[in-house]
Amino acid sequence: DLALTERYLRYLRSSMQVAVDQLQPFDEAYEATDWTEFEQLPAFAAANRRNAYSVYLELEQESFD
């Protein structure tokens, strides 16, 4: 479902943005984020942590620019 995927991507980005803004380490931010709404997405278990980390690093880099 495209709407669910879009919500996931927005949630992922906003959650990681809060963590970056608060200088929260990625592992803490990831563990503190409630992912339950999105766990049924295909490949969630295999890809979510990697996706979150990539977004976190991207946002962190943007904060230094």
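**Helix H1, its salt bridges and two loop residues**

In this predicted model, Ala43 has a relative accessible area of 52%, and because a residue counts as exposed over 50%, Ala43 is exposed. Ala43 is situated in the loop between H2 and H3, and its phi, near 65 degrees, is a positive value in a residue other than glycine. A second residue of this kind is Leu23, which is not a glycine either and yet has a positive phi of about 55 degrees. Leu23 belongs to the loop between H1 and H2, where the chain continues after helix H1, and with a relative accessibility of 74% Leu23 is counted as exposed.

Helix H1 itself comprises 20 residues, from 2 to 21, and the distance from its first C-alpha to its last is 28 Å, which is close to the 28 Å expected at 1.5 Å a residue. Seven positions can be examined for their direction: Leu4, Tyr8, Leu12, Ser15, Met16, Ala19 and Val20 are the buried residues of H1. When the helix is viewed down its axis, these buried residues fall within an arc of 135 degrees, and they therefore line one face of H1. The general geometry of helices helps in reading such a pattern, because an α-helix has 3.6 residues a turn and residues three or four places apart consequently point the same way. The buried residues of H1 are covered by parts of the structure that include helix H2, residues 26–32, and helix H3, residues 44–64. On the other side of H1, by contrast, Leu2, Arg10 and Asp21 are exposed.

Six salt bridges are found in the structure. In one of them, the side chains of Glu37 and Arg7 meet with an N to O distance of 2.8 Å. This pair links distant parts of the chain, since Glu37 lies in the loop between H2 and H3 while Arg7 lies in helix H1, 30 residues apart. Glu37, at 39% relative accessibility, counts as partly exposed, and Arg7, at 41%, is likewise classed as partly exposed.

Another salt bridge joins Arg13 to Glu58, with the closest N and O atoms 3.3 Å apart. Because Arg13 lies in helix H1 and Glu58 in helix H3, the pair ties together parts that are 45 residues apart in sequence. Both partners are partly exposed, Arg13 with a relative accessibility of 35% and Glu58 with a relative accessibility of 40%.

A further salt bridge is formed by the side chains of Glu31 and Arg49, for which the N to O distance is 3.7 Å. Glu31 is part of helix H2 and Arg49 is part of helix H3, so this pair ties together parts that are 18 residues apart in sequence. The two partners fall into separate classes of accessibility: Glu31, with a relative accessible area of 60%, is exposed, whereas Arg49, with a relative accessible area of 35%, is partly exposed. In addition to such pairs, salt bridges that share partners join Arg13, Glu58 and Glu62 into one network.

Technical notes
Residues numbered from 1 in each chain as written. Predicted model: local features only at pLDDT ≥ 70, side-chain atom pairs only at ≥ 80, totals over all residues. Heavy atoms only, no water. Helix = DSSP H or I, 4+ residues; strand = E, 2+ residues; numbered from the N terminus. Expected span 1.5 Å × (residues − 1). Buried < 20%, exposed > 50% of the residue type's maximum accessible area, 1.4 Å probe, protein only. Arc of directions from axis to C-beta. Contact = heavy atoms within 4.5 Å. Salt bridge = Lys/Arg side-chain N within 4 Å of Asp/Glu carboxyl O.
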